[in-house]
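Work through the exercises below with the sequence and the model at hand. Each task is followed by a solution in steps.

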Amino acid sequence: MSSVLNNDDLITKDINNKNFDDSPQRSKLYKLLKEREQCWWQARQQMIERQEKKIFWYGENSLIMWLLWQLVGYVIVAMALMMLNNVFSISLPLWQYISLFVIQTLLFVSALAAKSQLANKLQRKIDNDELMHEEALNEMIILAEDSLYPDVHAKSPISLKALDNYLDGQFHLASLQCLLQREVEVGRLIMEQQPPEVGILPPELADDELNEHASEITYRSTL
């Protein structure tokens, strides 16, 4: 992902110094847009996964989950010891059984004590994902201004489904909707039907949700 994001010099050179009216350059722009879209998609997916992980392990009710998983850990260790005893006839003295569970408890207490530090570490990763997500989106918008947006305005009115077909399904619907939303916000496009709220959904679910309404979501140019 980082290797794709580090192509800033290439993008700046292409955007500032080239004439994009000819087909080869527009194709090159679309290729760069696709690269940035993949980077944006991956960053968004990773950010949402880590956000869900933070809520699960470090949210308000996370202490209950930690205790439940520790209980599950006790059960797994006990079952493993029973299997060793039954299959290989390995039997440990009672004090060793007790020592094993004490060690397991100490590890759990140590992890629980470091819970806030682990949560902060995970939050830093989420912040980094969000930064990469925003950088990729900004680069997508720059590229779209000389490739996607002119095509949408030229073919207006056009539905999200028709646009996806025109682009041969190379882009995710959630990516297209996010880019076109920027044109709607600045008043250059009018959306004739409000799409479902997909900004907080995992990328795959966002695409599935948009796919159900893609034929109805139509964009009309005001230019």
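Contact here means heavy atoms within 4.5 Å. Axes are lines fitted to C-alpha atoms, for helices over the stretch in contact, and angles run from 0 to 180 degrees between N-to-C directions. Helices (H or I, at least four residues) and strands (E, at least two) are DSSP runs, numbered from the N terminus.

This is a predicted model, in which local features need pLDDT of at least 70 and side-chain atom pairs count only at pLDDT 80 or more, while totals for chains, interfaces and linings use all residues. Residues are numbered from 1 along each chain as its sequence is written, and side-chain values use heavy atoms, with hydrogens and water left out.

**Exercise 1. State which element has the lowest mean pLDDT and which the highest.**

Step 1. pLDDT is the predictor's confidence in each residue, from 0 to 100. Its mean over the protein chain is 82, and 87% of the residues reach 70 or more.

Step 2. Among the elements, the lowest mean, 40, belongs to helix 1 (residues 2-5), and the highest, 92, to helix 7 (residues 148-154).

Step 3. Over residues 1-20 pLDDT stays under 50; the model has 34 contacts beyond four places in sequence for them.

**Exercise 2. Describe how helix 3 and helix 10 pack.**

Step 1. Two packed helices are described by the angle between their axes and the distance between the axes.

Step 2. The axes of helix 3 (residues 23-58) and helix 10 (residues 203-213) cross at roughly 110 degrees and come within 9 Å. Helix 3 is therefore roughly perpendicular to helix 10 (under 35 degrees is roughly parallel, over 145 roughly antiparallel, 65 to 115 roughly perpendicular, the rest oblique).

Step 3. W41, R44, Q45 and I48 of helix 3 make the contact with P203, E204, A206 and D207 of helix 10.

Step 4. These residues divide into four nonpolar, one polar and three charged. Ala, Val, Leu, Ile, Met, Phe, Trp, Tyr, Cys and Pro count as nonpolar, Asp, Glu, Lys and Arg as charged, and the others, Gly among them, as polar.

**Exercise 3. Do the same for helix 9 and helix 10.**

Step 1. Helix 9 (residues 173-185) packs on helix 10 at about 75 degrees, with the axes 8 Å apart. This makes helix 9 roughly perpendicular to helix 10.

Step 2. From helix 9, L173, A174 and Q177 meet A206, D207, L210 and N211 of helix 10. The contact has four nonpolar, two polar and one charged residue.

**Exercise 4. Give the strand order of the sheet and find its edges.**

Step 1. Strands of a sheet pair through backbone hydrogen bonds, either parallel or antiparallel. Two strands pair if DSSP finds at least two bridges between them.

Step 2. The open sheet has three strands in the order 1-3-2, with antiparallel pairing. Strand 1 (158-159) and strand 2 (189-191) each have a single partner strand, so one side of each is left without a neighbour in the sheet.

Step 3. Two bridges join strand 1 to strand 3, where S159 stands opposite T218.

Step 4. Strand 2 and strand 3 (residues 218-221) pair over three bridges. I190 stands opposite R220, and the bridge partner of L189 is S221.

Step 5. Helix 9 lies across strand 2 and strand 3, at about 115 degrees to strand 2.

**Exercise 5. Locate the cis peptide bond and the positive phi.**

Step 1. The bond from S156 to P157 is cis, with omega near -5 degrees. P157 lies in the loop between helix 7 and strand 1.

Step 2. D168, a residue other than glycine, has phi near 60 degrees. D168 is in the loop between helix 8 (160-166) and helix 9.
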